[in-house]
Structure formats: C-alpha cells, structure tokens
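Here is a short note to go with the structure. Please keep the sequence and the 3D view open while working through the points.

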Amino acid sequence: MNHRILVIDDDPKILESCQMILAPETSKAGEELESMAGELFEEEVENGPDETLNIKFEVTTANEGKIGVDEVGKALQAGQPFTMAFVDIRMPYGIDGLETARQILSIDPDMEIIILTGYSDTPRQSMARQLGVSNFQLLKKPFDPDELMQMAQFLAHRHNMHQRRGEQSK
C-alpha cells in the first residue's frame, strides 16, 4: 500500500533530506545489486507479516505553509489524500507551522501531523491549544534518518489499521 506524505519546510535541505529518506529512488541496478548481495550472504528477503517494512511512500514537498495547505485540498479533490504531513513550526514567509497544521486538519481531520522543530521554546501543551488537538507528533531537528523513517512507518501502519477497522464496521 502506498502512503502519500507531505513535507512542509522553508529549508530546501530539509525537503531534500526527507525526500531521500522517505522515498529513495530505486534503480534497476540497485535492485539487482541488493538481490546479488542477498544471494552472496545467503540472506532471504522476508515477505512475512511485518507489512511496515513494505510500506512505500510518495513524498510531496512545499516550501511555504499556504502551498502545503493548497496541496492537501488538491489531494482530497483528486481522491488521493495524504496520510501524514511533516510541518516545520517556524517558516519566515506566510503562515507558521502551527497555523498550517491547523488549516490542514480543518480540511482533512484524518491526517497525521508531525511538527518539525529545531527549537524547544514552545511547550507541547501550548502547541496543542493552538492546533485544537493533542494527537500530533513532535520531531526535533536535526532528526535522525532512522527516527524519521520509523515515525513515518508507524503512522502509516496505524493509518492502515484504522482503515481496516472502518471497513470491517461497515
């Protein structure tokens, strides 16, 4: 199952890093090399019950809050909503990250929100009051690539579980 992720940050390096970590381009040569390494080291590729390892991400980036909010609206209209949004809290142009997240949730309340911040001067409780919700994640910069991927996989897995429960109750 593919999951669409929106990353909103004014720093092009953060946007590029998130793109490379969450949706690395796989080439035919890279796949062949991975397969040969598996054979050489006698490792089996496991397609077992842990579907979190098989989650694929499609990443869209925006360098301003308003652009990100517009992307969420377009995605919903196209019937391809985002699963989650990583939103920088401080952006110098236009609306800040908390207002961006608040507007995103008003358009699509099912989206997972992850606030990216390099600062610890805004308490989580204050963020929750401004957002109007407390079910958001906080990821501090500079973030570890594994931590970013783990958070995205966990939230995508949780999203899948909620969808399945919704389908079963129909």
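Leaving aside its neighbours within four places in sequence, which residues is Arg-124 in contact with? The answer is in point 3, after an overview.

1. Confidence. This is a predicted model, so the confidence scores should be read before anything else. The average pLDDT of the protein is 85, and 81% of the residues score at least 70. Residues 45-49 stand out on this score, with pLDDT under 50 throughout. For that stretch the model has 1 contact beyond four places in sequence.

2. Overall layout. The protein has 6 helices and 5 strands. Along the sequence they follow the pattern β-α-α-β-α-β-α-β-α-β-α. Of the 170 residues, 38% count as buried. Among contacts with a separation of 6 or more, 75% are between residues 24 or more positions apart.

3. Arg-124. To return to the opening question, Arg-124 is in contact with Ser-134, Phe-136 and Gln-137, once neighbours within four places in sequence are left aside. Arg-124 belongs to helix α5, which covers residues 124-131. Its charged end sits over the ring of Phe-136, 4.2 Å from the ring centre. Gln-137 is 13 residues away along the chain, and the C-alpha atoms of Arg-124 and Gln-137 are separated by 9.6 Å. Is Arg-124 buried or exposed? It is in between: its relative accessible area is 34%, so Arg-124 counts as partly exposed.

4. The rest of α5. The buried residues of this helix are Ser-126, Met-127, Ala-128 and Leu-131. These buried residues pack against α4 (97-107), β4 and β5. After α5 comes Gly-132, which has a positive phi, near 85 degrees. Most residues other than glycine have a negative phi.

5. Strand β1. Which strands does β1 pair with? It is joined to β2 by 7 bridges and to β3 by 4 bridges, and it runs parallel to β2 and to β3. On the β2 side, His-3 has Phe-57 as its bridge partner. On the β3 side, Ile-5 stands opposite Met-84. Since 6 of the 7 residues of β1 are buried, this strand is largely enclosed by the rest of the structure.

6. Strand β4. β3 also pairs with β4, in the parallel sense, over 5 bridges. One partnership to look for is Ala-85 with Ile-113 of β4. Why is β4 described as largely enclosed by the rest of the structure? Because 6 of its 6 residues are buried. Both of its faces are covered: Glu-112, Ile-114 and Leu-116 are buried on one side, and Ile-113, Ile-115 and Thr-117 on the other.

7. The largest nonpolar core. This core has 23 residues, and Ile-5, Leu-22, Met-84 and Phe-86 touch the most other members. The elements that each give two or more residues to the core are β1 (2-8), α1 (12-22), β2 (56-62), β3 (84-88), β4 (112-117) and α6 (145-168). Helix α6 gives the largest share, 6 residues. Phe-86 is a useful residue to display: not counting residues up to four places away in sequence, it touches a list that includes Ile-5, Leu-22, Ile-114, Leu-148 and Met-151. Apart from this core lies another, of 22 residues, among them Leu-6, Ala-128, Leu-131 and Phe-136.

8. His-159. This residue lies in helix α6. It has 16% relative accessibility, and the cut-off for buried is under 20%, so His-159 counts as buried. Leaving aside neighbours within four places in sequence, His-159 is in contact with His-3 and Thr-83.

9. Rings. How many aromatic pairs does the structure hold? The number is 0. Aromatic rings do meet charged side chains, however. Besides the case of Arg-124 and Phe-136, Arg-4 lies over the face of Phe-82, at 4.4 Å from the ring centre.

10. A cis peptide bond. The bond from Lys-141 to Pro-142 is cis, with omega near -5 degrees. Most peptide bonds are trans. Pro-142 lies in the loop between β5 (137-140) and α6.

Note on methods: Residues numbered from 1 in each chain as written. Predicted model: local features only at pLDDT ≥ 70, side-chain atom pairs only at ≥ 80, totals over all residues. Heavy atoms only, no water. Core = buried A, V, L, I, M, F, W, Y, C linked by side-chain atoms within 4.5 Å. Buried < 20%, exposed > 50% of the residue type's maximum accessible area, 1.4 Å probe, protein only. Contact = heavy atoms within 4.5 Å. pLDDT = per-residue confidence, 0-100. Phe/Tyr/Trp six-rings, centres within 6.5 Å; stacked < 30°, edge-to-face > 60°. Lys NZ or Arg CZ within 6 Å of the ring centre and 35° of its normal. Pairing = 2+ DSSP bridges.
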